[in-house]
Amino acid sequence: MRKNRAVIFVTLGAPEYLNRASARKFLLEFLSDEKVLPIPNILLRRFLAWRISCKRAQKYLENLEFTAIDGKAPLFFYEQNLQKKFLEKTGLKIYFAHRYGTGSVRETVTVALKDGAKDFFFVPFFPQKSYAMTSSILSEILHLVRLNKDSLFIPPLKTFIYEDAVGFCASYANLPEYIDAVCASIKEALAKNSFDALLISFHSMPKRQALLTDYEYECEESFSLIKEKLKDVFSEDKIFLTYQSAMGKGEWLAPKVKDVAQNLAKCGVKKLLVSSPGFAFDCTETLVELGEELKEVFLNSGGEYFKLCACLNDSDSQLLLMQAIINSVE
């Protein structure tokens, strides 16, 4: 890695504390982002963000408490472990920043500058680039850059960008180390049990937003590469692409993971394996939505055994993937 370069992995973030006020504050900031809630009228967007955050704060808190590690969201635990492991393995310090909540991009850049950083390489820790997350992170970075520069254009759809001491990795959906890591997690589960079907679940989004980036294409590309990598250990016609977390009105990317799981169970599938490779870390959307709610749907529909693969979290595979992302732009 180039001397004096700060590599900053940017994640969604999480509430700093496990209480209702902190959960509501985090949701409010998240939903106030125009790329998350794309309503042009800023007053209306803020009002809806406030209303939704108040309504969902308690349930969100309950899910956070269910998934917590050492009294905090899992993200904080895994990030701390990865920083420690990376330093021990390579002798290099990496940084984690959060798009929302504590430890913002601005705060992390300030820390890196104090550590002597001269240039920056940002990695949104989302394998497939999306409008709501990747573009939002890029906008925040550009805002920081423009505080010291009148104008700077960085094309948001290039995979790797490096200009004026600011680098940006928009996607790693087809990086071999990413595919290998996901498949290793799946193979580990397959080695311990046999399964009738495998669901690969990505986060859904409104179709009109999906058109703004290559998100749907990259999910399909990752899925195809995963399926190809697994063909020697699992039948390709038993691996299904699905989407989760759709909410509200409008047309979202489909098929819905719960619909597919339910239909498979009704068709005689008894043992189901699920992987969620669009998430770097386990969170409420994997551990609750998939690990609890999807499991209940499947078992209540006639299924008998359900297994959710862990995300890469703070595993050695995750560490190798992070090194590969950094090395790909050296």
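A residue is taken as buried when its relative accessible area is under 20%, and in this predicted model Ser 276, at 3% relative accessibility, therefore counts as buried. Ser 276 is found in the loop that lies between strand β8 and helix α10 (284-287). Leaving aside residues up to four places away in sequence, the contacts of Ser 276 are with Ser 201, Gln 244, Thr 286, Leu 290 and Cys 311.

The strand β8 that precedes this loop belongs to an open sheet of 4 strands, in which the order is β7-β6-β8-β9 and the pairing is parallel. Because β7 (239-244) and β9 (305-308) stand at the edges with a single partner strand each, one side of each is left without a neighbour in the sheet. From one strand to the next, the twist averages 25°. Strands of a sheet pair through backbone hydrogen bonds, in either a parallel or an antiparallel sense.

Within this sheet, strand β6 (residues 197-203) is paired with strand β8 (residues 271-275) in the parallel sense over 4 bridges, with Ala 197 standing opposite Leu 272 in β8 and Leu 198 opposite Leu 273 in β8. Towards β7, strand β6 is joined by 6 bridges, again in parallel, and here Ile 200 stands opposite Leu 241 in β7. Since 6 of the 7 residues of β6 are buried, this strand is largely enclosed by the rest of the structure. Helix α6 (residues 176-192) lies across both β6 and β8, and runs at about 155° to β8.

A further parallel pairing is found between strand β1 (residues 5-11) and β2, which are joined by 4 bridges, and in which Thr 11 stands opposite His 98 in β2. In a regular strand the side chains alternate between the two faces of the sheet. In strand β2 (residues 95-98), Tyr 95 and Ala 97 point one way while Phe 96 and His 98 point the other way, and all of them are buried.

The packing of helix α9 (residues 257-266) against helix α11 (residues 289-300) takes place at an angle of about 35°, with the two axes 9 Å apart, and the crossing of α9 and α11 is right-handed. On the α9 side the contact is made by Val 257, Lys 258, Ala 261, Gln 262 and Ala 265, which meet Glu 289, Leu 290, Glu 293, Leu 294, Val 297 and Phe 298 in α11. By residue class, this contact of α9 with α11 divides into 7 nonpolar, 1 polar and 3 charged residues.

In soluble globular proteins, nonpolar side chains tend to be buried together. The largest nonpolar core here holds 84 residues, of which Phe 9, Phe 122, Ile 186, Phe 202 and Ile 325 touch the most other members; its largest share, 8 residues, comes from α6. Residues up to four places away in sequence being excluded, Phe 122 touches Ile 8, Val 10, Val 105, Val 109, Ile 141, Val 166, Gly 167, Phe 168 and Cys 169. Apart from this core lies another, of 15 residues, among them Ala 261, Val 274, Leu 290 and Phe 306.

In contrast to these buried positions, Tyr 217, a residue of helix α8 (residues 215-229), counts as exposed at 51% relative accessibility. The C-alpha atoms of Tyr 217 and Lys 129 are separated by 9.9 Å, although the two residues are 88 residues apart along the chain.

How values were computed. Residues are numbered from 1 along each chain as its sequence is written. This is a predicted model: local features need pLDDT of at least 70, side-chain atom pairs count only at pLDDT 80 or more; totals for chains, interfaces and linings use all residues. Side-chain values use heavy atoms; hydrogens and water are left out. Two strands pair if DSSP finds at least two bridges between them. Helices (H or I, at least four residues) and strands (E, at least two) are DSSP runs, numbered from the N terminus. Axes are lines fitted to C-alpha atoms, for helices over the stretch in contact, and angles run from 0 to 180 degrees between N-to-C directions. Contact means heavy atoms within 4.5 Å. A crossing is left-handed if the near helix is turned anticlockwise from the far one by less than a right angle, and right-handed if clockwise. Ala, Val, Leu, Ile, Met, Phe, Trp, Tyr, Cys and Pro count as nonpolar, Asp, Glu, Lys and Arg as charged, and the others, Gly among them, as polar. A nonpolar core is a set of buried Ala, Val, Leu, Ile, Met, Phe, Trp, Tyr and Cys residues joined through side-chain atoms within 4.5 Å. Buried means under 20% relative accessible area, exposed over 50%, partly exposed in between (1.4 Å probe, protein chains only).
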